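User: Could you take a close look at one part of this model for me? I'm in my first year, so plain words would help.

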Amino acid sequence: MALTTVVPGRVWDFSHAVGRNAAVGTGFSQPAGLAVTSQGITYVVSRGNENNFGSRTSKVFIGGFYEEELLGEFGFYGRKEGDLIWPNSVAVDSQGDVYVSDDWQNRISIFNGDGEYKTAWGTTGSGQGELDGPAGLAFDQNDNLYIVDSRNHRVQVFTKDGSYVSGFGSHGTGPGEFDTPWGITIDGDGAIYVADWKNHRVQKFNADGSYVTSFGGDLNHPSDVTTDPDGDVYVCDWGNSRVRIYNAAGEALASLVGDAQVLAKWAQSAVDANPDMVKMRRRAPSLEEEWRFCYPTGVAFDAEQSRLIVTDSQRGRLQIYIKDNDYLEPQMNL
């Protein structure tokens, strides 16, 4: 299968996978949200499994192929301050503090960049400034935090200390209305994109929350959305187990379905340590299913490295694609 996806004027080249299914340590347990910072540092939120075992936030360095390191873990399962029960998304402010939404406890927990707990805020309810199922998080250029208030079917805006600023959206299927929205991103021009999960679309808004347009008639429960500096839009098409790519006008360009033909470094180490696992893998008639996404949940674009990072939720890993704007077609006559 092709590892390079080419459309006119654009190329996405599969790089590698990072991680493996793991309740603790070098891996992830149903990774959901992620946030990319500078110099290869990425924060990944794991939601655990049906027994809530493995919920945490991982701080990971991601370099090139097989260049990764687990730098720390924090925000483990629990109900006390600094704990998380059903973490959903993560965002990093301009000072490097890490904000994690917990859609079970209806609160936002804040840690410093090393994972040390600082504080939390959030009040359960449906009134102005109250939360019910906080999901996607995104900071604007003024360090205001946009929260997808999923079960209240709206987006609310807060200061970093939890003071209410504004909000938009209501329950419904019309323009500017939501049904259990999930992911959110803000592009370089301040436009807001929201993955409208049960309405099977992405909606775009101006910075003031006024409706612009919607797109994605081919989506099945989109869970997250991000953009790149060129204006292309990436959507985790959760129900179709793919990432759908659109241009700035909302026109579909391509799909990524997962291409992890080589095991991630941490996964390969686990296989190498188990001779029986090696034998079983060699007897499998095909490993293609293993390469593919299985309910990808979160997506972020690392502009510094020009790469797309996807949380491949049910595979317990990240898959990474390079957007190559300098791609040269192969010379077939050499």
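Analyst: Let's walk through one stretch of strands, then glance at a separate sheet. Keep in mind that this is a predicted model.

Start with strand S5, which covers residues 56-62. S5 is mostly covered, with 6 of its 7 residues buried. What does S5 pair with? On one hand there's strand S4 (residues 41-46), running antiparallel to S5 and joined to S5 by 6 bridges. Here you can spot Val-44 opposite Ser-58. On the other hand there's S6, also antiparallel to S5, again over 6 bridges. In that pair, Lys-59 has Gly-72 of S6 as its bridge partner. S5 and S6 form a hairpin with 5 residues between the strands, and Tyr-66 in this hairpin has a positive phi near 65°.

Now zoom in on Glu-68, which sits in strand S6 (residues 68-74). Glu-68 is buried, yet it makes no salt bridge. Which side chain of opposite charge is nearest? That's Lys-265, 5.8 Å away, and a salt bridge has to be within 4 Å, so this pair doesn't count as one. Beyond its close neighbours in sequence, Glu-68 touches residues including His-16, Val-18, Phe-61 and Trp-266.

Finally, the separate sheet: it's open, with 4 strands in the order S15-S16-S17-S18 and antiparallel pairing. S15 (184-186) and S18 (211-215) are at the edges with a single partner strand each, so each has one side without a neighbour in the sheet. On average, neighbouring strands here are turned by 20° against each other, ignoring direction. S17 (residues 201-205) pairs with S18 over 4 bridges, and Gln-203 stands opposite Ser-214.

How values were computed: Residues are numbered from 1 along each chain as its sequence is written. This is a predicted model: local features need pLDDT of at least 70, side-chain atom pairs count only at pLDDT 80 or more; totals for chains, interfaces and linings use all residues. Side-chain values use heavy atoms; hydrogens and water are left out. Helices (H or I, at least four residues) and strands (E, at least two) are DSSP runs, numbered from the N terminus. Buried means under 20% relative accessible area, exposed over 50%, partly exposed in between (1.4 Å probe, protein chains only). Lys and Arg count as positive and Asp and Glu as negative; His and the chain ends are not counted. Contact means heavy atoms within 4.5 Å. Two strands pair if DSSP finds at least two bridges between them. Axes are lines fitted to C-alpha atoms, for helices over the stretch in contact, and angles run from 0 to 180 degrees between N-to-C directions. Lists of a residue's contacts leave out its neighbours within four places in sequence.
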